[in-house]
Amino acid sequence: MCGIFGITTNQNKPVGKIALEAIKRLEYRGYDSCGIVTQYESQLLVKKDAGKIEEINQRIKLDDFPNGSRLALAHTRWATHGPPTKINSHPHLDCDDKIAVIHNGILENFIELKEEMLSKGHVFKSETDTEIIPHLIEENLKKNVDLKDAVVNAVKKCKGAYGLAICHADYPDTIIAVRRESPLIVGIEEGKTTYCASDIPAFLPYTRNCYILEDDEIAILKAGTVEFYDVYNSNFPKKKDLHHVEWSMDAAEKGGYEHFMLKEIYEEPDALRRTLKVTNDSLKDFAKSLLSAENIYITAAGTSFYAALAGKFIITKFLGKYIQAIECSEFKTELINSLEKDSVIIAISQSGETIDLIEAIRWAKDYQASVKILSITNIVGSSITRHSDKILITQAGPEIGVAATKTFVTQVLIQSLVALEIAKLRKIESQNEIQKYYDALHSIPEVIERFLTKSVDLIKYIVRNLEKNLNFFFLARGISIATAKEGGLKLKEVACRFIEGYSAAHAKHGPISLVREGYPIIFIAPPDETYERLVGNLMEFKSRGGKIISLVVEDDKKIGDLSDITIRIPQPGDKYHSLFSPITFVPALQLLAYYAALEHNLDPDKPLNLAKTVTVH
Ligand code: AGP
C-alpha cells in the first residue's frame, strides 16, 4: 500500500526532483511519511520524515541533493509495522549505511529473520519489517557474492508480499527491483534512463514504454538498460515483452481541478465512452463462460463489491441463473465446504492488486482446479490478470484519487455489456428490445455530462443543509441498494461521516427508530419495479418527521412531489435506462461526498488512514 519509485540515468537530470514529483503522483498509495535516497560519490544521502510529502518538503527540502547524483529511490508510506515516524519511514539502511531499501508490502516472517540477524550482531533502528532486507543483503555480501545474488538470497528467505527497490553506495548506477504480490513496473528510455515504480503514473511524464514485473522476478536496472531474471533461476537473463502505455499524462494529473476526486468524477463520461468500445469478442467470451457455468459467484472488495452487487443484478436479469455475491475477504470461509468444480467466479478490482481478492481466487483455483476465473480490472498486467482465465479491462484510465469514482461506473457498465451479450446468445429478448438497452447504455455519458453541468449548486446546497447531521441514511430497494451502499461508502471514506446505505424495506426493522423531526433520509428512486413499494417506505419515514431528499429521474412526479429536496438525473424514466441506474445515479452521490469532505475541511484525495490499494489482510 506504499508507493515506490527509482530512477537511474546517464543524463544530466535532477534525480531528487524527479523522485519527489514521482512520489507525489503515487501519494494515493499512502501518505503518512516519505523519504528519498540518492547515491553520490560512493555514499548514500537520505532525507525522510513523517507527514505528507508537501509538508515534509517545506521543512527539509526533500529534493535538494548534489548535482552529480544519477540515481535515486523514493518512497511514500502507508504504515503497517511501526507508527508513521521519521525513523520508520523508508528508505531503510544496513549497519554500514551502504545499502538502501524501499518496500511496498508486508514481510510475514520478519520477527524470526530479525532475531537471526540480531544474533549475528546487526543493529536495527526502526520497528519496520522492511529493515530486515538491507541487513539480510549485508549479511549475504559478506559471503563474496555479487549484489544481485545477495538480493536473490535475501528475498528467498522472506515470506509475504514485497515490491522492493534497492541500491548500494558502491554501485553508482544500479537499482535492483524485485517483487512478489506487490506491483512493480519498470519504465525505460532506451540508452538513457531506467525507472521502476509501483504504478505507471510515477514515470509517465518521461516514458510510456514499460515492462511489468511478475511474481518472483528480479530486474537489474542500469541507466537506460534493464535485465530480468527469475529469483528461482537467477543465472540466466530472461526476455520480457515491452508494453506501450496509452494513458496520457493529462489523465494522471489534476488538470485544473482542485482534487483528483473531482477531476475523475468529471472524467466519467469519457471513461464510459471508452469502455463502451470494448470489443464484442471479449464480452462474448465472458458471456459464454457464464452461460455454461453451473455455479456462479461474484466477488470483490469495497466499491468494486458494490459494482459487483449492481452487476450481478443486471447479469442475472438476462442469464436466468442465480449469482452469489460474496465479499472477497469471506470467500474462502463461506465456500470451503461447498465450492463445486464447475464454478465460475467473476472477480472485480480496479487495481487488480487487492490482496483479499487475489487470495480468494488463488484459493478457489487450488481447491478446485477446474474453477474458472473471469476478472474485471482497470490495470493491464495487474496481479489479478495472472490468475484469470478471461479478462475484461475497464477503460477508466488512471484513477489517482483514493476514492474509486470513474472505475465504479465503468465496472458496472462492462458488466452490463456482458449482460446484453448473454441476452443476444440466449435470444430471450427480440433484437429490437436488446437494441433499446444498448441505446440506453450509449446515452449514459451524456446523461452524466448533463447532470454534472446543471446540478452542482443543488448538491452544494444539500451538503450545507446536511452539515449538522452526523448521521443519516441512503434508502433504496432492488438494484439501487448497491447505489445506496456505494453512496454510504463514499461519505464514510472522504467525509468521515458514518452514513449507511440500507434497504428501505429492512430499515423498518430497526433503523427507523433513529428518525425524529427533521432527520434526513435520502431515497434512491429510479422508476423500476420497486418504485411503488419505495413510495410506501418513504411515507413511513415522512410521517415520522423525516426530511426527505430524493434522487429520481428528470420527469419523476410522485416521489419528487413528496420530497423536501429532489435531485433529478436527466434520463428517461423507462425500464431500459432504469436497469442501469447505478451508473447514472452514483455520480450524484460521489459529488455529494466530495463537497461534504470540503465542507468539513477534509482532503477528499487523502482520506485518513486509507490507501488506494489494500495489499494487506
Ligand atoms: C473505494 O472508494 C475504496 N477506496 C475501496 O473501497 C476500494 O474500492 C477497495 O479497496 C477495492 O479496491 P480494488 O477495486 O482496487 O480491488
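Which strand is Ser-349 found in? Hi everyone, let's start there. The answer is strand 18, covering residues 343-349. Before I go on, please keep in mind that this is a predicted model.

So, a bit more on that serine. Ser-349 is buried, and its relative accessible area is 3%. A polar atom of the Ser-349 side chain sits 2.8 Å from the backbone nitrogen of Gly-352. Ser-349 also brings us to the ligand: there are 14 residues around the ligand, and Ser-349 is among those that come nearest, together with Ser-304, Ser-351, Thr-354 and Glu-493.

Let's look at that shell. By type, its residues split into five nonpolar, seven polar and two charged. Where do they come from? Helix 10 (302-319) and helix 17 (480-495) each contribute at least two of them. In terms of domains, at least three shell residues come from domain 2 (257-429), and at least three from domain 3 (452-610).

Now for the individual distances, which I suspect you'll like. Ser-351 has a polar side-chain atom 2.6 Å from an oxygen atom of the ligand. For Glu-493, a polar side-chain atom lies 2.7 Å from a ligand oxygen. Thr-303 takes part through its backbone, with an N or O atom 3.0 Å from an oxygen atom of the ligand. How much of the ligand's area does the protein cover? On its own the ligand has 410 Å² of accessible area, and the protein covers 92% of that.

Next, the nonpolar interior. As a bit of background, nonpolar side chains in soluble globular proteins tend to be buried together. In this model, the largest nonpolar core has 108 residues. Leu-290, Phe-474, Phe-541 and Ile-583 are the ones with the most contacts inside that core. Helix 21, residues 581-599, provides the largest share of this core, with twelve residues. And why do we say that the core lies between two domains? Because domain 2 (257-429) and domain 3 (452-610) both give residues to it. Those two domains are familiar by now: each of them also supplies at least three residues of the ligand shell.

Let me move to the start of the chain and helix 1, residues 15-25. Eight of its eleven residues are buried, so helix 1 is largely enclosed by the rest of the structure. The buried set is Val-15, Gly-16, Ile-18, Ala-19, Leu-20, Ala-22, Ile-23 and Arg-25. If you have the model open, do take a look at Arg-25 in that list.

To finish, a few backbone details for anyone who enjoys torsion angles. The peptide bond from His-90 to Pro-91 is cis, and its omega is near 5 degrees. Pro-91 belongs to the loop between strand 4 (71-77) and strand 5 (92-93).

Then we have two residues with positive phi, neither of them glycine. One is Ser-42, where phi is near 55 degrees. Ser-42 sits in the loop between strand 2 (33-40) and strand 3 (43-50), and with a relative accessible area of 42% it is partly exposed. The other is Asn-144, with phi at about 65 degrees. Asn-144 is in the loop that runs between helix 4 (132-141) and helix 5 (147-156). Is Asn-144 buried or exposed? Asn-144 is exposed, with a relative accessible area of 75%.

That's my tour. Thanks for listening, everyone!

Terms used. Residues numbered from 1 in each chain as written. Predicted model: local features only at pLDDT ≥ 70, side-chain atom pairs only at ≥ 80, totals over all residues. Heavy atoms only, no water. Near = heavy atom within 4 Å. Polar contact = N/O pair within 3.5 Å; in protein donor to acceptor, adjacent residues only side chain to side chain. Areas by Shrake-Rupley, 256 points an atom, 1.4 Å probe, with all protein chains shown as cover. Helix = DSSP H or I, 4+ residues; strand = E, 2+ residues; numbered from the N terminus. Nonpolar A, V, L, I, M, F, W, Y, C, P; charged D, E, K, R; others polar. Domains from an automatic or database assignment. Core = buried A, V, L, I, M, F, W, Y, C linked by side-chain atoms within 4.5 Å. Buried < 20%, exposed > 50% of the residue type's maximum accessible area, 1.4 Å probe, protein only.
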